[in-house]
Amino acid sequence: FGPRVPNSDGHKACGDYLEAKLASYGAAVVSQNVDITAYNGDVLKARNIIAQFQPEKTERILLCAHWDSRPWADSDPDPDKRYTPIDGANDGGSGVGALLEIARQLSLNPTELGIDIILFDAEDYGLHEKDMDKYYHLHHLIKLL
């Protein structure tokens, strides 16, 4: 899907895939869609994806990861790439991959406990490295007032 930055085509396609894949493993899937205003004023079309295995069970385990990716590679060694979105294969993608495999195993081997998997969105839409000092100092100035 490439980068999974909220509001991008890759983000929407990946979210649709995740919902369908979890449902194919027998989970009851709920999508929490919300518009979130980011620190910079961008309105993000965010979607948390909740998959419940054996939702009727009252004793439950919760497993979580985030599925979005950063809109900029601000730590890239190449300064020309620091404003490009990242694929998020390791950060975000690896946790989701592990949870998808757990979901597949749950479809084959139900447990005595109910299992909830939540894939959180909009977690990686944070400050660009160049803005850290500006927002850090503004935050501390407000605290002093």
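This is a walk through one chain, from its sheet and helices to its two aromatic pairs.

Keep in mind as you read that the model is predicted. Its mean pLDDT is 90, and 90% of the residues reach 70 or more. Confidence varies along the chain: β4 has the highest mean, at 98, while α3 has the lowest, at 58. Where pLDDT is low, predicted coordinates should not be read in detail. With α3 at a mean of 58, that caution is worth carrying along.

Let us begin with the sheet. Four strands make up an open sheet, arranged in the order β1-β2-β4-β3 with mixed pairing. The edges are formed by β1 (28-37) and β3, each of which pairs on one side only. On average, neighbouring strands of this sheet are turned by 15° against each other, direction ignored. As a general reminder, strands of a sheet pair through backbone hydrogen bonds, either parallel or antiparallel.

The pairing of β1 with β2 (residues 43-53) is antiparallel and runs over ten bridges. Two positions help you find the register by eye: V29 stands opposite A51 in β2, and D35 stands opposite K45 in β2. The hairpin of these two strands, β1 and β2, has five residues between them, and there G41 takes a positive phi near 95°.

Now add the helices. Helix α1 lies across β1, β2 and β4, and it runs at about 10° to β2. Helix α2 also packs on the sheet, where it touches β2, β3 and β4, and its direction makes about 145° with that of β3.

With the framework in place, we can turn to the aromatic side chains, which form two pairs. One pair consists of F1 and Y17, with 5.5 Å centre to centre and 50° between the planes, a tilted arrangement. F1 sits in the segment before α1 (9-24) and Y17 in helix α1 itself, so this pair ties together parts that are 16 residues apart in sequence. How open are these two residues to their surroundings? F1 is exposed, because its relative accessible area of 54% is over 50%. Y17, at 37% relative accessibility, counts as partly exposed.

The other pair is W72 with Y125. Here the ring centres are 5.7 Å apart and the planes stand at 55°, so this pair is tilted too. W72 belongs to the loop between β3 (60-66) and α2 (93-108), and Y125 to the loop between β4 (114-120) and α3 (132-144), so the link joins parts that are 53 residues apart in sequence. Both W72 and Y125 are buried. For W72 the relative accessibility is 12%, and it counts as buried because that is under 20%.

It is worth lingering on W72. Which residues surround W72, once its neighbours within four places in sequence are left aside? The contacts include Y39, and a run from R82 through Y83, T84 and P85 to I86. Contacts of W72 also include Y125, G126, L127 and H128. For a sense of distance in the fold, W72 and N7 are 65 residues apart in sequence and 14 Å apart in space, C-alpha to C-alpha.

Terms used:
Residues numbered from 1 in each chain as written. Predicted model: local features only at pLDDT ≥ 70, side-chain atom pairs only at ≥ 80, totals over all residues. Heavy atoms only, no water. Phe/Tyr/Trp six-rings, centres within 6.5 Å; stacked < 30°, edge-to-face > 60°. Buried < 20%, exposed > 50% of the residue type's maximum accessible area, 1.4 Å probe, protein only. Pairing = 2+ DSSP bridges. Axes fitted to C-alpha atoms, helices over the stretch in contact; angles between N-to-C directions. Contact = heavy atoms within 4.5 Å. pLDDT = per-residue confidence, 0-100.
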